[in-house]
Amino acid sequence: MDEAADTKSGLLWKLQNIDRRILYLVLLVVVAIPVLRPMNITNAVDPMSEALWKTIDATPADKIVLVSSTWSKATRGENGGQTRALMEHLMNRRIRFALSSFTAPGAQVILDIVRDMAPRYNYQYGRDWVHLGFQASPNNFVKGINADFRKTVRQDFVEKKPLDAFPMMARVKSIDDVHMVVEISASAVHNIWMQFIKPGVRVGFCPTSVMAPESLPYYSSRQLAGVLWGAKGAYDYEQLNVRNGTGRYGMGREYMAPLSAAFALVIVSITIGNVAMFLGRKQTRRGGSGS
Amino acid sequence: MNRQDRIFGIVGLALAVPLAIVGYIVFQKPGSTAFNAFLGGIATLALYSLLYRENPIYRLFEHVYLGLAAGYVSMMAITSVVRPKWYEPVFEKGQWLWLWALPLALLAYFVFSKRHGWLSRIPLVILAGFAAGQAFQAFANLYFPQIRDSFRPVWPTTWRLDNPNPSPDSLSISGALNNILFVVTLISVLAYFLFSFEHKKPVVRSTAQLGRWLIMIGFGAIFGSTIMTRFALLVDRMSFLLVEWLHLRGPT
């Protein structure tokens, strides 16, 4: 081990070995300030987000959008903002939609959001939207609704009634009556839709940032009609909503400033640590203590 | 559990229990979610105490969370799957043929028996059969379009730097450059994964080396995205604690 690393009182050594708890504290302060004092961060809308917005906006009046929610409160920071922005768009444009989920918590989190937003837009359950509920077998659900919604989903999630009991489902018989499917997810569930959905039905994907890179090849090959990349995607979608009069700003814009502050802290920390390491090595080569 | 842990645990519980009781008295009102938010705030702080050090309060709330999640998922399985998809068709609509599904599914629990463990393989084999049957369709629909998309034109059809109205028939200079970059990346990364022969020839070796570098750049970008997710979750929790829980921010 070199001499500089041994000299634990040296400044350069200290800069490379800051107690993680101090870094956590600095991070909390750096994030808390823009959370308490919101500020606007300029943003360039990604073409992938715009593609999703345009595809949803082009939904014909006689078709519905199927929104699948496969996330939980754990990823609310990204999927929550995406869901709200998407719902603002659907409700403002009076597009009817059905909800479903491949996980148990996913069915509840989207229900809470829609119930919170629906009164503002006079969106009535059964007339403008229905909830198909938690679907335990994703493959079989997708293959089932390709042919027949009613045989696949025996009752809705909220009122536990057959689908025929709801006016908006009167014209929805099979997947041909669905303009597009949008999967909001913290995992790679979009694969199931691409694998089994009837050809011709568009699929949109709203992943967390960690899942977004692996979905890009599918957007490039047009298997996905659009992708919302995590929290940035939520901000993109809000911006498109505001620009086109189909919604307003929300979590997406609110979270962008704290996120940027946190990224800046990481970049500064990495720079300080690396500069200290290079200077320490240089001093060691010269025979110094690295302090 | 050492002495410090015991003190940490006792002090934490001594604070958390009266806080929960006071919170219930203050916040619990019909139709209000204030008490839920109050409990959520306590749970968030307890779980974040791990950032300081491992402690019994963190472990207590971790187990509470696991218990809640297991209970919730079990209940959803009963109300959203077993009841509407099996119980009601069999016992309320008289579709008795579906009765066989329950004993077949219950065979899976023989996995806990040394003597009859082989029975648990029967439902597994049936599920594996379903999966195998669907695998070809899944593979074809997922990857064939990918293979088709990997054949891209690299010669521009219009000598403009960028095409404001891109169409399948027109390729600008920047579009052609993107496609060249794509094709070079594809070939070099595939070359890196050619393990059937030794990379002796300079062309193969340098192409594979380039592929390795490009993979590393890709991993770096993916890691950056991972950090973005983690920080977004932190920002959300901070927003929950400071805005929804403590109401430290006024209307914006």
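Here's the A/B interface in brief: 45 residues of chain B touch 54 residues of chain A. Keep in mind that this is a predicted model. Putting the two chains together buries about 4,400 Å², and carbon and sulfur atoms give 62% of that area.

**Polar and charged links**
- Between chain B and chain A you'll find three salt bridges.
- One of them pairs Arg249(B) with Glu254(A), whose closest N and O atoms sit 3.4 Å apart.
- Polar contacts between the chains come to 22 residue pairs, counting those with both residues at pLDDT 80 or more.

**What chain B brings**
- On the side of chain B that touches chain A, α3 (56-92), α5 (121-149) and α7 (202-245) each put in at least two residues.
- The largest share there belongs to α7(B), with 19 residues.
- By residue class, this side of chain B splits into 25 nonpolar, 12 polar and eight charged.

**A helix pair across the interface**
- Two packed helices are described by the angle between their axes and the distance between the axes.
- For α6 of chain A (residues 104-121) packing with α3(B), the angle is about 90 degrees and the axes are 9 Å apart.
- Angles of 65 to 115 degrees count as roughly perpendicular, so α6(A) and α3(B) are roughly perpendicular to each other.
- From α6(A), the residues in this contact are Ala104(A), Pro105(A), Ala107(A) and Gln108(A), and they meet Tyr72(B), Val73(B) and Met76(B) of α3(B).
- The residues of this α6(A)–α3(B) contact break down as six nonpolar, one polar and no charged.

Key: Residues are numbered from 1 along each chain as its sequence is written. Chains are lettered from A and ligands numbered from 1 in the order in which they are written. This is a predicted model: local features need pLDDT of at least 70, side-chain atom pairs count only at pLDDT 80 or more; totals for chains, interfaces and linings use all residues. Side-chain values use heavy atoms; hydrogens and water are left out. Contact means heavy atoms within 4.5 Å. Buried area is the accessible area (1.4 Å probe) that two parts lose on being put together, summed over both. A salt bridge is a side-chain nitrogen of Lys or Arg within 4 Å of a carboxyl oxygen of Asp or Glu. A polar contact is a pair of N or O atoms within 3.5 Å; within protein, one must be able to donate a hydrogen and the other to accept it, and residues adjacent in sequence count only if both atoms are side-chain atoms. Helices (H or I, at least four residues) and strands (E, at least two) are DSSP runs, numbered from the N terminus. Ala, Val, Leu, Ile, Met, Phe, Trp, Tyr, Cys and Pro count as nonpolar, Asp, Glu, Lys and Arg as charged, and the others, Gly among them, as polar. Axes are lines fitted to C-alpha atoms, for helices over the stretch in contact, and angles run from 0 to 180 degrees between N-to-C directions. Angles under 35 degrees count as roughly parallel, over 145 as roughly antiparallel, 65 to 115 as roughly perpendicular and the rest as oblique.
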